[in-house]
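Trainee: Could you take me through the charged pairs in this one, slowly and with the cut-offs spelled out? I'd like to see how they sit in the fold.

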Amino acid sequence: MTDPGLVLHKLGVLREHVERVRRRRPASAELLRTDVDRQDALAMSLLVAVQEAIDVAFHIVADEGWGVPSSYAESFELLARHGLIDPRLADDLARIVAVRHRLAHGYASIDAGRLWSELPAGLDTLDRYARAIAHFVGSKGA
């Protein structure tokens with residue numbers, strides 16, 4: 001059975017880092033391009049937030065006995081298959097995981113313009129996910 005306390009803690013960390021990204025995102029892509037320290041801060045908080053989302057998905061899938069996902073995207077697909085999130089949200093989460101991969105693996109450098117433009121939708125996706133999972137945990141009696 002899913003541990004509500006653990007999931008809620010992870011959602012709290014996810015939300016904290018989403019808010020950090022929102023506070024740090026500059027008004028323009030050009031401002032981000034010229035501030036490597038801000039790029040690093042945004043990238044780190046986004047990495048943490050997405051990783052928490054992934055960890056929550058794997059935790060729920062394992063504890064509910066829904067199988068072992070072969071990828072991060074499949075963990076979200078399993079949540080959708082079992083009605084915790086809608087399929088569109090699972091697809092959106094797979095897209096933000098792709099952003100995470102680009103950041104985590106470096107690929108030589110951050111494309112500041114691309115990151116700047118992807119953040120609003122990615123943060124909205126993480127917010128929607130956190131609400132859906134909090135609803136699931138709440139329905140479990142937490």
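Trainee: Before the close-up, how much area does the protein chain expose, and what percentage of it do carbon and sulfur atoms supply?

Mentor: This is a predicted model, where local features need pLDDT of at least 70 and side-chain atom pairs count only at pLDDT 80 or more, while totals for chains, interfaces and linings use all residues. Residues are numbered from 1 along each chain as its sequence is written, and side-chain values use heavy atoms, with hydrogens and water left out.

Your area first: the protein chain exposes about 7,100 Å², and carbon and sulfur atoms supply 53% of that (accessible areas are Shrake-Rupley with a 1.4 Å probe, and for residues only the protein chains shown count as cover). Of the 142 residues, 43% count as buried; buried is under 20% relative accessible area, exposed is over 50%, and partly exposed is in between, with a 1.4 Å probe and protein chains only.

As for the fold, the chain has six helices and zero strands (DSSP runs numbered from the N terminus, H or I of at least four residues for helices, E of at least two for strands). The C-alpha trace spans about 45 × 25 × 20 Å along its principal axes.

Now the charges. The chain carries 18 positive and 20 negative ones, and their mean positions are 3 Å apart. In that count Lys and Arg are positive, Asp and Glu negative, with His and the chain ends not counted; each charge is placed at NZ of Lys, CZ of Arg, CG of Asp or CD of Glu. Side chains of opposite charge can pair when their charged atoms come close. Here the tally is twelve salt bridges, each being a side-chain nitrogen of Lys or Arg within 4 Å of a carboxyl oxygen of Asp or Glu.

Start with K10 and E52, whose side chains meet at 3.3 Å, N to O. That pair links distant parts of the chain, since K10 is in helix 1 (residues 4–24) and E52 is in helix 3 (residues 36–63), 42 residues apart. K10 is buried at 17% relative accessible area, and E52 is buried too, at 14%.

Helix 3 also holds S45, an uncharged stop worth making. S45 is buried, with a relative accessible area of 2%. Setting aside neighbours within four places in sequence, S45 is in contact with H17, R20, V21 and R24 (contact means heavy atoms within 4.5 Å).

Another bridge joins R38 and D35, at 3.5 Å, N to O. R38 is partly exposed at 31%, and D35 is partly exposed at 25%.

Then jump to helix 6 (residues 112–139), where E118 and R114 lie four residues apart, about one turn of the helix. Salt bridges that share partners also join D92, R95, D124 and R128 into one network. Back to E118 and R114: their side chains form a bridge at 3.2 Å, N to O. E118 is partly exposed at 22%, and R114 is partly exposed at 40%.

Helix 6 has a covering role as well: along with helix 3 and helix 5 (87–104), it is among what covers the buried residues of helix 4. Those buried residues of helix 4 (residues 72–81) are S75, F76, L78, L79 and A80. Just after helix 4, G83 takes a positive phi of about 80°.
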